[in-house]
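Thank you all for making time this morning. I would like to take you slowly through one model, and please keep the picture in view while I talk.

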Amino acid sequence: VTADTIGIPNSLGTSFDHGAFEPDPRRVFNAHTARNCLEVVDADTNRHLATLQGFPGAAGVVAGKGSVLVANRGGGSMAWVDARTLETRTVLNTGPRPNGAAIVSSLQVAVVACIGDDTHAPQLQVLGLEGDRRWSVDLPGRPRWCVVDAKEERVFLAIRNPSMEFAANLPELNAIQHWPLPSDGAHGMDINHAADLLYVACDGGSLVEVMSGLDKRSANGRSPVFRMRPFIIRQVGSCMSPLKIRG
Amino acid sequence: VHVAIEDPGLIQTVDPLTGSSTQFITAKGAKTTALVEPDRLYVFSPLQKGVLDLKGA
């Protein structure tokens, strides 16, 4: 592995959060949380392309099918950005402190996990990108990252405490299941669609592999029979962040 | 599977088939990434004032 550095303006003492690659037009979008903006990098030239303003506390970023969603943790909103024109198409209201996000292109909806505040419980929300469709469900703990399955029928969400994987059907957020994880602090999450395997990075120092596809085939409608396999990756106390799968 | 670890700042890459893993030192505070197809990993690193582009990831 070799490494180069790509400069981002106004980055001294800053903080970044999630980033996402959009294959068409091969751009990387990054939440520049401390500067309330969205950074755009051209992945072919490896150059910073643009700084888009107006994303208060930008945190979660996800991309797909030419669209980029940005969860504005400081603004209680989610922005829908065109990956090619870089124009904001719409801004949707969310619950307090939206964080994890997913895009469901086939349903034209956004999934956003809201941390909540003193008066609002943590909540998972599904928001129509057009029209006025909206579904939500209260969560049993602080949400982190979320992903959807290959068929875009099911959403999986990491919950920090109690450490678990939360699953629900899209878009109604029904058929909910909680899968306790064998490591504290479920945090980053990604999914291998081809193998139907979920990976959850936990702050407790483990990467947990979960066979995700079995949940819908569960015969008794309760706990699914699924395989869970932990890998120890760091000592307890490390902070595991969103992870990426190649393959 | 690439996992960004904020403190002390590294990318740990796990091969689920074998359970083996490798590490690449980044910088403290580098906690998020983006996978750039087919084989590059962008690591967002405040201390490096931008993006660390790992080729061959």
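**Two chains and the contact between them**

In chain A, residues 24 or more positions apart account for 40% of the contacts that have a separation of 6 or more, whereas in chain B the corresponding share is 16%. I should say at once that this is a predicted model, and for the complex the predictor gives an ipTM of 0.97 together with a pTM of 0.92.

Let me begin with chain A. Its secondary structure comes to 22 strands and zero helices, and of its 247 residues, 60% count as buried. The accessible surface of chain A is about 10200 Å², with 47% of that belonging to carbon and sulfur atoms.

How far can we lean on the confidence values here? The mean pLDDT of chain A is 88, and 85% of its residues reach 70 or more. There are, however, stretches to treat with care: over residues 214-225 of chain A the pLDDT stays under 50, and the model has 16 contacts beyond four places in sequence for that stretch. Over residues 235-242 of chain A the pLDDT likewise stays under 50, although for these residues the model has 35 contacts beyond four places in sequence.

Now to chain B, where the elements run β-β-β-β-β-β from the N terminus on, which is to say six strands and zero helices. A compact globule of 57 residues would have a radius of gyration near 10 Å, and the 11 Å of chain B agrees with that. Its C-alpha atoms fill a box of roughly 35 × 25 × 15 Å along the principal axes. Of the residues of chain B, 56% count as buried, and its accessible surface comes to about 2200 Å², 56% of which belongs to carbon and sulfur atoms.

Confidence in chain B averages a pLDDT of 91, with 100% of the residues scoring at least 70. Among its elements, strand β6, residues 50-55, has the highest mean pLDDT, at 95, and strand β2, residues 10-14, the lowest, at 89.

How many residues does each chain bring to the contact? Chain B contributes 39 residues and chain A contributes 43. The size of an interface is often given as the accessible area lost when the parts come together. Between them, chain B and chain A bury about 3500 Å², with 59% of it on carbon and sulfur atoms. On the chain B side, Val1(B), Lys49(B) and Lys55(B) lose the most area to chain A, together making up 15% of what that side buries.

One residue to look at in this context is Asn30(A), which lies in strand β3 of chain A, residues 27-32. Is Asn30(A) buried or exposed? Asn30(A) counts as buried, because its relative accessibility is 3%, and the cut-off for buried is under 20%. Leaving aside residues up to four places away in sequence, Asn30(A) touches Phe44(B) from the partner chain, and on its own chain its contacts include Phe16(A), His18(A), Cys37(A) and Val61(A).

Turning to the cysteines, the structure holds zero disulfides over all chains. For Cys146(A), the nearest cysteine sulfur is that of Cys114(A), 9.9 Å away. Cys146(A) is buried, at a relative accessible area of 1%, and Cys202(A) is buried as well, at 0%.

Finally, some remarks on the backbone. Most residues other than glycine have a negative phi, and most peptide bonds are trans. In chain B, a cis peptide bond joins Asp7(B) and Pro8(B), with omega about 20°, and Pro8(B) sits in the loop between β1 and β2. The bond from Glu37(B) to Pro38(B) is also cis, with omega near 10°, and Pro38(B) belongs to the loop between β4 and β5.

In chain A, Arg97(A) has a positive phi, near 55°; it is placed in the loop between β9 and β10 and is partly exposed, at 37% relative accessibility. Ala175(A), too, has a positive phi, of about 50°; this residue is found in the loop between β16 and β17 and counts as partly exposed at 44%.

How values were computed. Residues numbered from 1 in each chain as written. Chains lettered and ligands numbered in written order. Predicted model: local features only at pLDDT ≥ 70, side-chain atom pairs only at ≥ 80, totals over all residues. Heavy atoms only, no water. pLDDT = per-residue confidence, 0-100. Contact = heavy atoms within 4.5 Å. Disulfide = S-S within 2.5 Å. Buried < 20%, exposed > 50% of the residue type's maximum accessible area, 1.4 Å probe, protein only. Helix = DSSP H or I, 4+ residues; strand = E, 2+ residues; numbered from the N terminus. Areas by Shrake-Rupley, 256 points an atom, 1.4 Å probe, with all protein chains shown as cover. Rg over C-alpha atoms; globule rule 2.2 N^0.38 Å. Buried area = accessible area lost by both parts, 1.4 Å probe.
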